Amino acid sequence: QVHLVESGGGFMQAGDSQRLSCAASGLTFSNYNMAWFRQAPGKEREFVAAINRDGGSTVYADSVKGRFTISRDNAKNSMYLQMNSLKPDDTAVYYCAAALTSYRWPTYYYSSRGRYAYWGQGTQVTVSS
């Protein structure tokens, strides 16, 4: 059974940095594209960033490009999101997601929620001004 567990959320000030982690179990991690999504109160869940199976390709939402960095460590079955220059608009529950794939995705696939079969429970990030 696949489990994804996020950690690292909390209360931050605008301008702070924070790293989120996603620990995966029950899967061959290196066979999965991974992503971070987030959902603010009253809003749809939105794409944040994604990384392919070997970590060689990354995709970012425009709203976080240049501030957030996604990475993974296949030896540790883990994925990370380094968040810098946090803004109040970054306040949301952050979810990690996994998608089993055997081929290289075109870029636009990564931001599609429906392509990810497995989701974590989320970790709350709150950024105050």
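Are Asp 62 and Lys 65 buried or exposed? In this predicted model, Asp 62 is exposed, and Lys 65 is exposed as well. Their side chains meet in a salt bridge, with a nitrogen-to-oxygen (N to O) distance of 3.1 Å. This pair belongs to a set of five salt bridges that the structure holds.

Two further salt bridges involve residues with other degrees of exposure. The side chain of Asp 90 meets that of Arg 67 in a salt bridge of 2.8 Å, N to O. Asp 90 is located in the loop between β8 (78-83) and β9 (92-100), and Arg 67 in the loop between β6 (58-60) and β7 (68-73), so this salt bridge ties together parts of the structure that are 23 residues apart in sequence. Asp 90 and Arg 67 are both buried. Glu 46 and Arg 38 also form a salt bridge through their side chains, at 2.6 Å, N to O. In this pair, Glu 46 counts as partly exposed because its relative accessibility is 35%. Arg 38 has a relative accessibility of 5% and therefore counts as buried, the limit being under 20%. A network of salt bridges links Arg 38, Glu 46, Arg 67 and Asp 90.

Arg 38 and Glu 46 appear again in the description of the largest pocket. The space in this pocket is about 210 Å³. The largest pocket is lined by 13 residues, and those closest to its centre are Arg 38, Ala 40, Lys 43, Glu 46 and Asp 89. By residue class, the lining consists of eight charged, three nonpolar and two polar residues.

Aromatic contacts were examined next. Across the whole structure, a search finds nine aromatic pairs. Ring pairs join Phe 37, Phe 47, Trp 105, Tyr 108, Tyr 109, Tyr 110, Tyr 116 and Trp 119 into a cluster. Tyr 109, one of the residues in this cluster, also has a charged residue over its ring: Arg 115 lies over the face of Tyr 109, 3.4 Å from the ring centre. A charge is likewise placed over a ring at Tyr 80, where the charged end of Arg 19 sits 4.2 Å from the ring centre.

The backbone has positive phi values at two residues that are not glycine, Asn 77 and Ser 85. For Asn 77, phi is near 50 degrees. Asn 77 is placed in the loop between β7 and β8, and it counts as partly exposed because its relative accessibility is 25%. For Ser 85, phi is about 50 degrees. Ser 85 is found in the loop between β8 and β9, the loop that also holds Asp 90. With a relative accessibility of 42%, Ser 85 counts as partly exposed.

A last feature concerns a pair of residues separated along the chain. Gly 15 is in the loop between β2 (10-13) and β3 (18-25). At a relative accessibility of 49%, Gly 15 counts as partly exposed, since the exposed class begins over 50%. Gly 15 and Met 83 are separated by 68 residues in sequence, and their C-alpha atoms are 9.8 Å apart in space.

Technical notes
Residues numbered from 1 in each chain as written. Predicted model: local features only at pLDDT ≥ 70, side-chain atom pairs only at ≥ 80, totals over all residues. Heavy atoms only, no water. 1 Å grid on protein atoms, 1.4 Å probe; cavity = no way out; pocket = protein on both sides within 12 Å on 5 of 7 lines; lining within 4 Å. Points joined across faces, edges and corners; volume = space filled by probe spheres on them. Nonpolar A, V, L, I, M, F, W, Y, C, P; charged D, E, K, R; others polar. Phe/Tyr/Trp six-rings, centres within 6.5 Å; stacked < 30°, edge-to-face > 60°. Lys NZ or Arg CZ within 6 Å of the ring centre and 35° of its normal. Salt bridge = Lys/Arg side-chain N within 4 Å of Asp/Glu carboxyl O. Buried < 20%, exposed > 50% of the residue type's maximum accessible area, 1.4 Å probe, protein only. Helix = DSSP H or I, 4+ residues; strand = E, 2+ residues; numbered from the N terminus.
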